[in-house]
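Here are my notes on this one, as numbered points. Have the model open while you read.

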Amino acid sequence: MWMLPEKNQSWVSEFVLLGFSSDPMSNRVLFFTFLLLYLSSVLGNGLIITLICLDTHLHTPMYFFLCVLSVLDVSYVTTTMPQMLVHLLAHSRTISFAGCWLQMYMFCALGLTECIFFVVMAYDRYVAICYPLCYTIILNWRLCTQLAAGTWTCGFLFSLIHTFLTMRLPYCGPNVINHYFCEGPSVRKLACTNTHLIEMVDLIISVFIVVTPLSLILASYIRIALAILKIKATQGRCKAFSTCASHLTVVTLFYAPVTYIYTRPSSSYSPEQDKQISLLYNVFTALLNPVVYSLRNKDIKGAFLKVMGRGRVAW
């Protein structure tokens with residue numbers, strides 16, 4: 001049952017984002033720190049996208065999925081970081097109701113898409129290791145594009161449900177969000193009505209989008225581990241394991257904080273702690289993905305050196 005605001009109350013037209021600190025000196029330090037992190041994330045992921053597009057040797061399903069992941073990471077971190085950087089230096093930290101609605105929708109959509117997309121990447125490794133001779137036949141370009149498009153569609157659809165239900169709640173004051181962006185649970189705390197139903201719907205979506213993909217990834221890697229153990233040559237085992245280690249590292253960095261934030265009971269909600277934990281899956285994952293994939297990958301290193309060689313010749 002929806003509660004309407006009293007006659008002497010008015011609907012909230014904008015929100016105020018508290019961010020991390022109210023101290024100007026601390027905010028300047030945070031500004032330069034987060035600016036460096038943001039630029040590193042964009043440049044690192046942008047480099048991977050560029051290398052994969054330019055080098056024809058990287059036009060394989062594995063690198064196609066890695067390219068899509070980099071696009072997701074750049075988009076994901078861009079939904080929150082630029083505004084946070086502005087608010088760290090500006091006197092006003094307001095965001096319009098519509099702006100909050102859009103930011104919540106895009107952040108949730110990209111996050112949900114990435115959750116599902118990790119399953120696709122796990123399936124790619126499963127086919128590559130368990131059926132190496134049929135790899136390019138099973139994962140043809142049509143299936144690759146369908147899998148990528150399907151994950152984006154699911155992510156944006158589920159995000160629409162979450163955002164619509166959250167922003168449809170009546171907000172009649174206060175309007176101060178104890179976070180650095182419009183995150184669902186933080187905004188929902190300001191609603192002047194019972195949010196139990198919305199929390200139940202969010203929990204169901206979280207279980208479906210977080211727990212189910214995580215279970216599928218775990219099942220894939222159990223099959224992969226069994227297949228690797230059957231490889232007699234030690235060098236072959238090491239090569240097969242190294243192709244999966246990067247993906248497992250990224251999955252762990254992303255899923256650990258996401259599972260904690262979105263699958264726990266609302267009674268354990270802690271604003272200050274949640275702001276710090278959200279940085280892990282929003283900022284640091286996007287920053288570390290290029291590092292994890294490029295440092296362990298000879299193909300990416302080779303493509304980088306090839307592009308640098310072309311640049312020197314051009315000069």
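1. Which helix supplies the largest share of the lining of the largest cavity? That is H4, with 6 residues. Before going on, a caveat: this is a predicted model, where local features need pLDDT of at least 70 and side-chain atom pairs count only at pLDDT 80 or more, while totals for chains, interfaces and linings use all residues. Residues are numbered from 1 along each chain as its sequence is written, and side-chain values use heavy atoms, with hydrogens and water left out.

2. The largest cavity has a volume of about 280 Å³. Of its 20 lining residues, Cys108, Leu112, His162, Ser206 and Tyr262 are the closest to the centre. A cavity here is a set of points, on a 1 Å grid over the protein atoms alone, where a 1.4 Å probe fits but cannot get out, and lining residues have an atom within 4 Å of a point. At least two lining residues each come from helix H4 (97-130), H7, H8 and helix H9 (234-262). By type, the lining splits into 14 nonpolar, 4 polar and 2 charged residues.

3. The structure holds 2 cavities of 30 Å³ or more. The second largest has about 70 Å³ of space, and its lining includes Leu17, Phe20, Met84, His87 and Tyr180. Helix H3 (residues 81-89) gives the largest share of that lining, 3 residues.

4. Now the salt bridges (a side-chain nitrogen of Lys or Arg within 4 Å of a carboxyl oxygen of Asp or Glu); the count is 3. In one of them, Asp202 pairs with Arg188, with the closest N and O atoms 2.5 Å apart. Asp202 sits in helix H8 (residues 196-229) and Arg188 in helix H7 (residues 184-188), so the pair ties together parts 14 residues apart in sequence. Asp202 is buried (under 20% relative accessible area, 1.4 Å probe, protein chains only) because its value is 12%; Arg188 is buried too, at 9%.

5. Asp124 and Arg125 meet in a salt bridge at 2.9 Å, N to O, and both residues are buried.

6. Lys306 bridges to Asp55, the closest N and O atoms being 3.5 Å apart. The pair links distant parts of the chain, 251 residues apart: Lys306 is in helix H11, and Asp55 is in the loop between helix H1 (24-54) and helix H2 (61-78). Is each partner buried or partly exposed? Lys306 has 34% relative accessibility, so it counts as partly exposed (between 20% and 50%), whereas Asp55, at 5%, counts as buried.

Definitions and conventions: Helices (H or I, at least four residues) and strands (E, at least two) are DSSP runs, numbered from the N terminus. On a 1 Å grid over the protein atoms alone, a cavity is a set of points where a 1.4 Å probe fits but cannot get out, and a pocket is an open set with protein on both sides within 12 Å along at least five of seven lines; lining residues have an atom within 4 Å of a point. Grid points are joined across faces, edges and corners, and a volume is the space filled by probe spheres set on the points. Ala, Val, Leu, Ile, Met, Phe, Trp, Tyr, Cys and Pro count as nonpolar, Asp, Glu, Lys and Arg as charged, and the others, Gly among them, as polar.
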